[in-house]
Amino acid sequence: DPKLAWGKGPGVNVPVVRRLIERYLVADKGSVLSQFYTFCSVPQRRFMYVTLWDKEKFIAGALKPKFVLLDLNAEDPWVSGAELDAMAALLRKGRTYRPLYDAGGVLLYQRDAATQ
């Protein structure tokens with residue numbers, strides 16, 4: 001049940017993240033990197049990555065999923081604020097990813113077609 005995947009207290013911006021998932025990630029249109037608390041709410045697809053295990057590969061440029069969904073304000077016990085900031089900076093550079101949504105600390109970026 002996706003309703004059980006959201007953390008208590010300061011956590012995921014549920015209304016915004018759910019809307020983004022329903023609009024952009026509902027069908028298997030490519031790989032996704034997301035955080036632990038949102039991972040379970042993204043519809044299953046062939047390639048799914050979670051920041052807990054895949055953050056280093058993403059920051060190093062070795063992992064380039066089609067979509068990246070992050071909530072910079074969510075408490076993630078396994079990903080530091082510095083690591084989230086590094087991932088956000090890579091996304092916002094605009095070389096590999098383009099924003100589908102970037103407001104209030106919630107980011108959804110899609111890999112640019114030219115870099116696929």
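How many helices and strands does the secondary structure of the chain come to? In this predicted model, the answer is 4 helices and 5 strands.

**Figure 1. Overall organisation of the chain in the predicted model.** From the N terminus on, the elements follow the order α-β-α-β-α-β-α-β-β. The chain has 116 residues, of which 43% are buried. Among contacts with a separation of 6 or more, 54% join residues 24 or more positions apart.

**Figure 2. Close-up of the largest nonpolar core, a set of 15 residues.** Leu20, Leu25, Leu69 and Leu108 are the residues that touch the most other members of this core. At least two residues come from each of α1 (14-24), β3 (67-71) and β5 (106-111). Helix α1 gives the most, with 5 residues.

**Figure 3. Surroundings of leucine 69, one of the residues of the largest nonpolar core with the most contacts to other members.** With residues up to four places away in sequence not counted, leucine 69 touches Val17, Leu20, Ile21 and Leu25, together with Leu33, Ser34 and Gln35, and also Leu107 and Leu108. A second, separate core comprises 14 residues, including Leu33, Tyr49, Val68 and Leu91.

**Figure 4. Packing of helix α3 (residues 51-60) and helix α4 (residues 81-92).** The two helices pack at an angle of about 50°, and their axes are 10 Å apart. Because this angle lies outside the ranges for roughly parallel, roughly antiparallel and roughly perpendicular pairs, α3 is oblique to α4. The crossing of α3 and α4 is left-handed.

**Figure 5. Residues at the contact of α3 with α4.** Helix α3 contributes Thr51, Lys55, Glu56, Phe58 and Ile59. These residues meet Glu83, Ala86, Met87, Leu90 and Leu91 of α4. By class, the residues of this contact divide into 6 nonpolar, 1 polar and 3 charged. Leu91 of α4 also appears in the second core.

**Figure 6. Close-up of leucine 90, a residue of helix α4.** Leucine 90 has a relative accessible area of 28% and is therefore partly exposed, since buried means under 20% and exposed over 50%. Leaving aside neighbours within four places in sequence, leucine 90 is in contact with Phe58 and Ile59, both of which belong to the α3 side of the contact between the two helices. Glycine 61 lies 29 residues from leucine 90 in sequence, and the C-alpha atoms of the two residues are 9.1 Å apart in space.

Notes:
Residues are numbered from 1 along each chain as its sequence is written. This is a predicted model: local features need pLDDT of at least 70, side-chain atom pairs count only at pLDDT 80 or more; totals for chains, interfaces and linings use all residues. Side-chain values use heavy atoms; hydrogens and water are left out. A nonpolar core is a set of buried Ala, Val, Leu, Ile, Met, Phe, Trp, Tyr and Cys residues joined through side-chain atoms within 4.5 Å. Buried means under 20% relative accessible area, exposed over 50%, partly exposed in between (1.4 Å probe, protein chains only). Contact means heavy atoms within 4.5 Å. Axes are lines fitted to C-alpha atoms, for helices over the stretch in contact, and angles run from 0 to 180 degrees between N-to-C directions. Angles under 35 degrees count as roughly parallel, over 145 as roughly antiparallel, 65 to 115 as roughly perpendicular and the rest as oblique. A crossing is left-handed if the near helix is turned anticlockwise from the far one by less than a right angle, and right-handed if clockwise. Ala, Val, Leu, Ile, Met, Phe, Trp, Tyr, Cys and Pro count as nonpolar, Asp, Glu, Lys and Arg as charged, and the others, Gly among them, as polar.
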